[in-house]
Amino acid sequence: MNAPAIVWFRRDLRLSDNPALTHAADFSIIPLFIWDENDPHTPGGASQWWLYNSLISLQKSLKEKGLNLILRRGNPLKIIQEIVASHNVSTVFWNRCYEPYIITRDQEIKETLSRSIKCHSFNASLLAEPWTLKTRSDSPYQVFNPFFKALQALESFSPLLPIPPLKGYKGSILSDCLEDWGIYPQPDWSQGLSQEWAPGEEGAHKNLTSFLSQALPGYSVYRNFPDERSTSKLSPYLHWGEISPRQVWHSVLNTCLGEPSQNEWSFLKEIAWREFAYYLLYHFPELPTKSLRRQFDQFPWIKDKEYLQKWQKGMTGYPIVDAGMRELWKTGWMHNRVRMITASFLVKHLLISWQEGAAWFYDTLVDADIANNALNWQWVAGCGVDSAPYFRIFNPVLQGQKFDPQGKYVRKWVPEIQLLPDQYIHNPWEAPTGALKSAGVELGKSHPFPIVDHKKARARALEAFATAQSF
Ligand SMILES: Cc1cc2nc3c(=O)[nH]c(=O)nc-3n(C[C@H](O)[C@H](O)[C@H](O)COP(=O)(O)OP(=O)(O)OC[C@H]3O[C@@H](n4cnc5c(N)ncnc54)[C@H](O)[C@@H]3O)c2cc1C
């Protein structure tokens, strides 16, 4: 075909199993990525660092196939219209996203462009699109288990797409310089991130392969232990679409020859939680900002900048909470069990709103994701659908003792107490003076006292949450 086509990359930064790219393979292709300045959910610093590196990786993979990735910053419709007009483009291909702002924006773009050229969009980031699954009464699922059953009943998700032979468009098109977008940290604080991560499609597959052979066999037992390499760490790759959930799902099934055992099911269930998050976001677009259980609109959240900052900096005095918050700050990631403990501590021990916690996570996580973040914060706060009950208030000491019994995780991230014996590693304030002294710990100086007393905070939270139930 003579007229070129645009493949508009968005959160599908990969070449394999990419329906938009596959469908464009008959055209000479203009690969395009746009940094949309109006997106209300601009990624935070850690996620921007990820995007920067992921785009470099995509640029390289495309180059190897003879394609030049065009980078542009601004209004997507205007940018596409300008390229369409000046290069006689006949067709635009993209893969769909499901955030409310993007849905509205893309509908407008499709409607406008379709007046003069062809536009085709596809599903590349979900196992099943949100409108394909409904309860018998034709309403959206609000409970995870029946949703998961319905998802499984779809049985096989369409076959994976190999990288097609590609032809690059030879005309010259203006492209921004990635450095000029200002998304790379200045001054550069990203050393902790680059030690931990290799963004891009290749990194995603390496991660998956090592997870399948090393951690999947013990996943259902060890996934709750934060010091183990027990989970896949695929979340940022899935967020930016450097790997598709179908690729992950198929690889797991291949590994167990189509017969998942407890470990495989337990992992596939987590992939399905991601689906559920997107499903809920689609059907309840207010998910990121409003409690789905409306009685929480009246909840007496406390605005406390000082305590919020202590939580953000990992200075609450509760070692497992502080370890999680410091891991997040340093590496842009936190283990799921610890996300639950730290989030519960913020909303229940400090009575600070889940939205404030979600905003901090969104700003600092490499896997910051509107749907997953909001679903999980609402789950922890007990204000979403199918959430943890409000009276479940984690005791951070017991959680630490259960899931980090020898304190390995805490010792790594809260090194000032690393010499304490196991018995006090999660509750240094209960250690005898001699034990503190020989471990070089000075409470209130080298390590903070707990900022709230667990028993009192628990009683206060139960009272506040019980009141919310009665609104
Ligand atoms: C308060 C809070 C905030 C969170 N914010 C985010 C976020 O912004 N982005 C994000 O991707 N995840 C978020 N999660 C979910 C979860 O913690 C991460 O997806 C997981 O820790 C990523 O690590 P992994 O890839 O090793 O997970 P694995 O255990 O290997 O799971 C595989 C994949 O399943 C999905 N998944 C796992 N757990 C969940 C879950 N509880 N909800 C939805 N999907 C899940 C992820 O895509 C993950 O990569 C949040 C959880 C909590 C409690």
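Start by selecting His-349 and His-454: their side chains are joined by a polar contact of 2.8 Å. Keep in mind that this is a predicted model, so treat that distance as computed from predicted coordinates.

Stay on His-349 for a moment and colour by secondary structure. His-349 sits in helix H14, which covers residues 336–349. Buried or exposed? His-349 counts as buried, because its relative accessibility is 1%, below the 20% cut-off. Now show its surroundings. Skipping neighbours within four places in sequence, the contacts of His-349 are Ser-344, Ile-393, Phe-394, Pro-396, Val-452, His-454, Ala-457 and Arg-460. His-454, the polar partner, is thus on that list too.

Next, jump to Phe-93. You'll find Phe-93 in strand S4, residues 91–95. Phe-93 has a relative accessibility of 3%, so it counts as buried. What is around it? Beyond four places in sequence, Phe-93 touches Ala-5, Ile-6, Val-7, Trp-8, Ala-20, His-23, Ala-24, Phe-27, His-120 and Phe-122. Add Ser-121 to the selection and draw a C-alpha to C-alpha distance: Phe-93 and Ser-121 are 5.8 Å apart in space, with their positions 28 residues apart in sequence.

Widen the view to strand S5, residues 118–122. S4 and S5 pair in the parallel sense, over five bridges. To get between them, the chain leaves S4, runs through helix H4 (residues 100–113) and arrives at S5, a β-α-β crossover that is right-handed. For a spot to zoom in on, pick Trp-94, which stands opposite Ser-121 in S5.

Now for some backbone oddities. Select Asp-17, in the loop between strand S1 (5–9) and helix H1 (19–23). Asp-17 is not a glycine, yet its phi is positive, at about 45°. With 1% relative accessibility, Asp-17 counts as buried.

Then hop to Asp-138, in the loop between S5 and helix H5 (144–153). Here too phi is positive in a residue other than glycine, near 65°. Which side of the accessibility scale is Asp-138 on, buried or exposed? Asp-138 counts as exposed, because its relative accessibility is 55%.

Last stop: select Gln-186 and Pro-187 and look at the peptide bond from one to the other. That bond is cis, with omega near -5°. Pro-187 belongs to the loop between strand S6 (167–168) and helix H6 (191–196).

Terms used
Residues are numbered from 1 along each chain as its sequence is written. This is a predicted model: local features need pLDDT of at least 70, side-chain atom pairs count only at pLDDT 80 or more; totals for chains, interfaces and linings use all residues. Side-chain values use heavy atoms; hydrogens and water are left out. Helices (H or I, at least four residues) and strands (E, at least two) are DSSP runs, numbered from the N terminus. Buried means under 20% relative accessible area, exposed over 50%, partly exposed in between (1.4 Å probe, protein chains only). Contact means heavy atoms within 4.5 Å. Two strands pair if DSSP finds at least two bridges between them. A crossover is right-handed if, with the strands pointing away from the viewer, the path from the first strand over the helix to the second runs clockwise. A polar contact is a pair of N or O atoms within 3.5 Å; within protein, one must be able to donate a hydrogen and the other to accept it, and residues adjacent in sequence count only if both atoms are side-chain atoms.
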